[in-house]
Amino acid sequence: MTCRDPSPTQLMEDNHINMQSHSCDPDRPAHPGIFPTREAGKSNHQLAGSSVDFLVSVVLPAGGTGERTGLQTPKQFCSFLGRPLISYTIQAFERVSWIQSIVVVVAKENMDLMTDIVQRFQHKKVRAVPGGSTRHRSICNGVRALGDGEEERPKVVIIHDAVRPFVDEDLLYKIAMAAEEQGAAGAIRPLVSTVIATTSEGYLDHSLERAKYRASEMPQGFTYDVICQAYQKCSESDFEFGTECLHLALQYCGTNAKLIQGPPTLWKVTYKRDLAAAESIIKETLSRSACVITGGSEQAVTLADALQKAVGALDMKLDVIPDLMGENAGYLLKEWNFIQVSVNRSCLSEVEAVLTDLQAANRAVLHPLVVIWTSGRRTDSDSSKVHLSGSDELSVSGRGVEPATIMDLASAAKFRNILLYGIQLRQTKDAERWERSVLRLAEITSALIRERSPALVGQLLQA
Ligand SMILES: Nc1ccn([C@@H]2O[C@H](COP(=O)(O)OP(=O)(O)OP(=O)(O)O)[C@@H](O)[C@H]2O)c(=O)n1
Ligand SMILES: O=C(CO)[C@H](O)[C@H](O)COP(=O)(O)O
């Protein structure tokens, strides 16, 4: 995580922190969405068997200072894996085909920064507008902007804190449908602690019956008319001290919101520790799967299969494929990591080809992509087994791999946000030692993919 001067260059360059693991069940950040194709005057966006037959726009309030983190940089601009938190939240909405537009509300002094983020991470549905001195004022500016633009006014407006990056399409769908039907809808969670009222002297006044109450979370949805009217009618005191949009809809429009229980991943990044937890979830999400490319050679397939078995125990999904051609080109578009296995090959041409394919697919825009070159050398005559050379020589096809070669390749790839690492298998004809080597290979692979350490880029590690 990086939270210093939020200059665009630093957002890209600084990208690493070690942290504790976090047990939340994350939603998967995905690729940036594209504008839904809409026939004139009509929208009918399909969602896994469901459809949204009305226009939906989103307001993401991101105009706060993040005082409670104790950091200088507002939390929405803190960077994980070279990308600011706000971009992850935008992506969670942008990937939803039935969402037509997203208004991000930012403080005036951060408008340029926001414009740069939108360009750099190729967000397509986003427009930034200036915020206000409180959250309600910022949200109100965002809602007004939806009526100002050239696009058609939405039927439903979803409001979501920019600092809650793990929101999934299923919940957004439920909120949008309930808001359209009911006028307002919001996500809730069970209370973790009991809520008590205190006296002015600091004593217990009374406590609330916890089972009766819920924590109000985000996202919330409103028909455009309800949220506009609520902000038109609400008082200066609401603007200054209010914390609940659903309350405004009830008080000023008589609209009782439908409440929908959301998943635990809805939590809001509020304190510094939440930034560490968010980064951990992001890394975990990006480390779930890798694609092993064998080049089709029997020995490489044997090694890939052994790796697949060993990595399975580490809770990572591995698919083994011969190349990235034909149907397999689909892997270039998914959030997979790549492992090129080379046995008895002396050069890096195979991994170079993978890098070229990834670059052409423009895959490393949103986060650094991991490519691991795994090399080994078979020495026995039984082609059904992969045994590696019995000497200490860490070579491929008898010739030492120039560390500079992989370092040069890796340095060039790093400019394109692709992190290339090398792993050489330590040789053995001994079955037990071979198994240990494969297990080490799996552990190193998993650690490299999870940590995405820039410091290890271009290194040739030994398994
Ligand atoms: N004037 C404000 C204040 C807050 N927000 C946004 O409202 C969301 C939720 O608010 P909160 O977590 O309280 O953020 P901050 O106000 O930034 O944090 P703090 O209260 O610790 O200063 C955040 O995305 C924040 O950027 C906003 O758009 N405009
Ligand atoms: O929970 C919420 C919805 O009701 C808001 O996210 C919450 O009010 C955010 O603002 P703050 O942290 O400033 O209270």
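The following paragraphs lead through selected parts of this structure, starting with its two ligands and ending with a few individual residues. The model is predicted, and every value below was computed from it.

Consider first ligand 1, which sits in the largest pocket. The residues around ligand 1 number 19, and those that come nearest are Gly63, Gly66, Glu67, Ser138 and Lys268. Two elements of secondary structure, strand β3 (56-62) and helix α4 (135-148), each supply at least two residues of the shell around this ligand. The backbone of the protein provides several polar partners for ligand 1. A polar backbone atom of Gly66 is 2.7 Å from an oxygen atom of ligand 1, and a backbone N or O atom of Arg68 lies 2.8 Å from an oxygen atom of the ligand. Ala162 also offers a polar backbone atom, 3.5 Å from an oxygen atom of ligand 1. Taken alone, ligand 1 exposes 560 Å², of which the protein buries 88%.

Ligand 2 likewise sits in the largest pocket. Its surroundings consist of Arg68, Arg135, Asp161, Arg164, Ser216, Met218, Gln220, Thr243, Glu244 and Lys268. Strand β12 gives the most to this shell, with three residues. For ligand 2, side chains supply the polar partners described here. A polar side-chain atom of Asp161 lies 2.4 Å from an oxygen atom of ligand 2. For Lys268, the separation between an N or O atom of the side chain and an oxygen atom of the ligand is 2.8 Å. Arg68 places a polar side-chain atom 2.9 Å from an oxygen atom of ligand 2. On its own, ligand 2 has 370 Å² of accessible area, and the protein covers 76% of this.

The reader may now compare the roles of two residues in these descriptions. Arg68 has a backbone N or O atom 2.8 Å from an oxygen atom of ligand 1, while a polar atom of the Arg68 side chain lies 2.9 Å from an oxygen atom of ligand 2. Lys268 is among the residues that come nearest to ligand 1, and Lys268 also belongs to the surroundings of ligand 2.

One member of the shell around ligand 2 deserves a fuller account. Gln220 is one of the residues that surround this ligand, and its place is in strand β12, which covers residues 214-223. Is Gln220 buried or exposed? Gln220 counts as buried because its relative accessible area is 1%, and the cut-off for a buried residue is under 20%. The side chain of Gln220 makes a polar contact with the side chain of Ser216, at 3.3 Å. In addition, a polar atom of the Gln220 side chain lies 3.3 Å from the backbone oxygen of Glu217.

Gln220 also touches parts of the chain beyond its neighbours within four places in sequence. These contacts are with Val157, Ile158, Ile159, Ile175, Ala185, Gly186, Glu244, Cys245 and Leu246. Glu244 illustrates how the fold brings separate stretches together: Gln220 and Glu244 are 24 residues apart in sequence, and their C-alpha atoms are 9.9 Å apart in space.

Strand β12 contains a further feature of the backbone. Pro219 is found in this strand, and the peptide bond from Met218 to Pro219 is cis, with omega near 10°. Met218 is also one of the residues around ligand 2.

Elsewhere in the chain, Asp319 lies in strand β15 (residues 317-321). Asp319 is buried because its relative accessible area, 16%, falls under the 20% cut-off. The side chain of Asp319 makes a polar contact with that of Lys317, at 3.2 Å. Leaving aside neighbours within four places in sequence, Asp319 is in contact with Ala290, Cys291, Val292, Gln308, Tyr331 and Trp336.

Two loop residues complete the tour. Gln122 lies in the loop between α3 (111-120) and β7 (126-130). Its phi is near 55°, a positive value in a residue other than glycine. Arg452 is found in the loop between α13 (431-451) and β21 (460-462), and phi of Arg452 is near 50°, again a positive value in a residue other than glycine. Which exposure class does each of these residues belong to? Gln122 counts as partly exposed because its relative accessibility is 31%, a value in the range between the cut-offs of 20% and 50%. Arg452, by contrast, is buried, since its relative accessible area is 1%.

Terms used: Residues are numbered from 1 along each chain as its sequence is written. Chains are lettered from A and ligands numbered from 1 in the order in which they are written. This is a predicted model: local features need pLDDT of at least 70, side-chain atom pairs count only at pLDDT 80 or more; totals for chains, interfaces and linings use all residues. Side-chain values use heavy atoms; hydrogens and water are left out. Helices (H or I, at least four residues) and strands (E, at least two) are DSSP runs, numbered from the N terminus. Buried means under 20% relative accessible area, exposed over 50%, partly exposed in between (1.4 Å probe, protein chains only). Contact means heavy atoms within 4.5 Å. A polar contact is a pair of N or O atoms within 3.5 Å; within protein, one must be able to donate a hydrogen and the other to accept it, and residues adjacent in sequence count only if both atoms are side-chain atoms. A residue is near a molecule or strand if one of its heavy atoms lies within 4 Å of it. Accessible areas come from the Shrake-Rupley method with a 1.4 Å probe; for residues, only the protein chains shown count as cover. On a 1 Å grid over the protein atoms alone, a cavity is a set of points where a 1.4 Å probe fits but cannot get out, and a pocket is an open set with protein on both sides within 12 Å along at least five of seven lines; lining residues have an atom within 4 Å of a point. A molecule sits in a cavity or pocket if more than half of its atoms lie within 2 Å of its grid points.
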